[in-house]
Amino acid sequence: MPIGYPLVKAMDKDKFLSYFLLQNAFLDKRILFLCNYEDPTDESTYIAMLLYLQTENSQQPVFFYINSAITFPNLCFGLYDTILQLKVDISTICLGLAGGMSSLILAAGTKGQRFALPNSRIMMQEPQIESGVNGQATDLDIEAKELADSKNILINLYHERTGQSKIIIEKDLQRPRYFSANAAKEYGFIDSILIPSTKS
């Protein structure tokens with residue numbers, strides 16, 4: 001059962017009570033959550049929030065939490081490029097799963113500030129074609145070429161962000177490959193694992 005959009009209670013100095021979206025409350029604290037999306041409008045929303053946070057204060061970092069498995073490359077390349085263009089530090093944190101293109105967003109964070117929780121999973125895979133593609137044989141050839149081009153771009157970007165060779169990355173993309181937090185650190189997706197403090 002969906003939980004909908006949680007609301008947060010707030011009271012101003014005049015003791016006027018109001019409610020606003022939890023997402024907006026976190027945005028005020030410079031915290032973003034990357035969840036699954038299947039529409040370019042959603043990617044544009046994340047881009048807009050990052051641009052807003054940099055405009056508001058380019059000296060304070062942004063904390064980008066990821067629990068997502070986005071499969072279509074065209075829904076992430078714009079977000080990836082935006083993260084690298086911004087002057088503000090972007091701290092990426094995987095909790096749960098960073099799968100498909102989301103693993104690229106995880107690796108796009110500021111070097112030294114890319115994290116995962118101990119039981120997180122990171123998964124890389126070949127880019128997939130969007131559902132509903134049809135048409136003449138020539139149209140399908142065009143889509144196949146675009147998919148191959150997207151794969152080559154992805155290989156280059158993984159190479160830049162992880163330091164792994166393109167040959168290894170191409171081999172690893174042939175089938176979905178899952179990493180534990182420790183393995184993701186060794187591969188170069190993240191820099192550190194966040195170990196929770198022991199509760200008494």
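Student: How much space lies in the largest cavity?

Tutor: About 30 Å³. Keep in mind that this is a predicted model. Searching the whole structure for cavities of 30 Å³ or more turns up 1.

Student: What makes that space a cavity rather than a pocket?

Tutor: A 1.4 Å probe fits in a cavity but cannot get out, whereas a pocket is an open set of points.

Student: Which residues line the largest cavity, and how do they divide by type?

Tutor: The lining is made of I70, T71, G100, M101, Q125, E126, P127 and L154. That gives 4 nonpolar, 3 polar and 1 charged. Glycine goes with the polar ones by definition, so don't look for it among the nonpolar residues. One lining residue, L154, is also a buried residue of helix 5.

Student: Let's stay with helix 5. How do you know that its length fits its residue count?

Tutor: Helix 5 covers residues 137-162, which is 26 residues, and at 1.5 Å a residue that should span 38 Å. The end C-alpha atoms are 37 Å apart, so the two values agree. The expected figure uses one less than the number of residues.

Student: Which residues of helix 5 are buried, and what follows the helix?

Tutor: The buried ones are S150, K151, L154, I155, L157, Y158, R161 and T162. After helix 5 comes G163, with a positive phi near 85°.

Student: What is the phi of R30, and what makes its sign worth a mention?

Tutor: Phi of R30 is near 65°, and R30 is not a glycine. Most residues other than glycine have a negative phi. R30 sits in the loop between helix 1 (22-28) and strand 3 (31-34).

Student: Why is R30 called buried or exposed?

Tutor: Buried means under 20% relative accessible area. R30 comes in at 4%, so it counts as buried. Setting aside residues up to four places away in sequence, R30 touches L53, E56, N57, Q60, P61, V62, F63 and V88.

Student: And K87, why does it get the label it has?

Tutor: The cut-off for exposed is over 50%. K87 has 73% relative accessibility, so it counts as exposed. K87 is in the loop between helix 3 (77-85) and strand 5 (90-100). Its C-alpha is 9.6 Å from that of P61, although K87 and P61 are 26 residues apart in sequence.

Student: What about Q23, and why is it put in its class?

Tutor: Partly exposed lies between the 20% and 50% limits. Q23 has a relative accessible area of 44%, so partly exposed is the right label. Q23 belongs to helix 1, and its C-alpha is 8.2 Å from that of F33, 10 residues apart in sequence.

Student: Which residues are buried in helix 3, and what do they pack against?

Tutor: F77, L79, Y80, T82 and I83 are the buried ones. They pack against strand 3, helix 2 (40-56), strand 4 (62-70), strand 5, helix 4 (101-107) and helix 5.

Student: How do you know which class T82 belongs in?

Tutor: T82 has 12% relative accessibility, and with the limit at 20% that makes it buried. Beyond its neighbours within four places in sequence, T82 is in contact with I47 and L51.

Student: Why is C76 called buried or exposed, and what does it contact?

Tutor: With 0% relative accessibility, C76 counts as buried. C76 lies in the loop between strand 4 and helix 3. Apart from neighbours within four places in sequence, its contacts are Y37, E43, I70, M101 and I105. Y37 is 39 residues from C76 along the chain, and their C-alpha atoms are separated by 10.0 Å. I70 and M101 also appear in the lining of the largest cavity.

Student: Now the whole protein: how many helices and strands are there, and what percentage of residues counts as buried?

Tutor: There are 7 helices and 9 strands, and 38% of the 200 residues count as buried.

Student: What share of the contacts with a separation of 6 or more joins residues 24 or more positions apart?

Tutor: The share is 69%. As for the outside, the accessible surface is about 11900 Å², with 53% belonging to carbon and sulfur atoms.

Note on methods. Residues numbered from 1 in each chain as written. Predicted model: local features only at pLDDT ≥ 70, side-chain atom pairs only at ≥ 80, totals over all residues. Heavy atoms only, no water. Helix = DSSP H or I, 4+ residues; strand = E, 2+ residues; numbered from the N terminus. Buried < 20%, exposed > 50% of the residue type's maximum accessible area, 1.4 Å probe, protein only. 1 Å grid on protein atoms, 1.4 Å probe; cavity = no way out; pocket = protein on both sides within 12 Å on 5 of 7 lines; lining within 4 Å. Points joined across faces, edges and corners; volume = space filled by probe spheres on them. Contact = heavy atoms within 4.5 Å. Areas by Shrake-Rupley, 256 points an atom, 1.4 Å probe, with all protein chains shown as cover.
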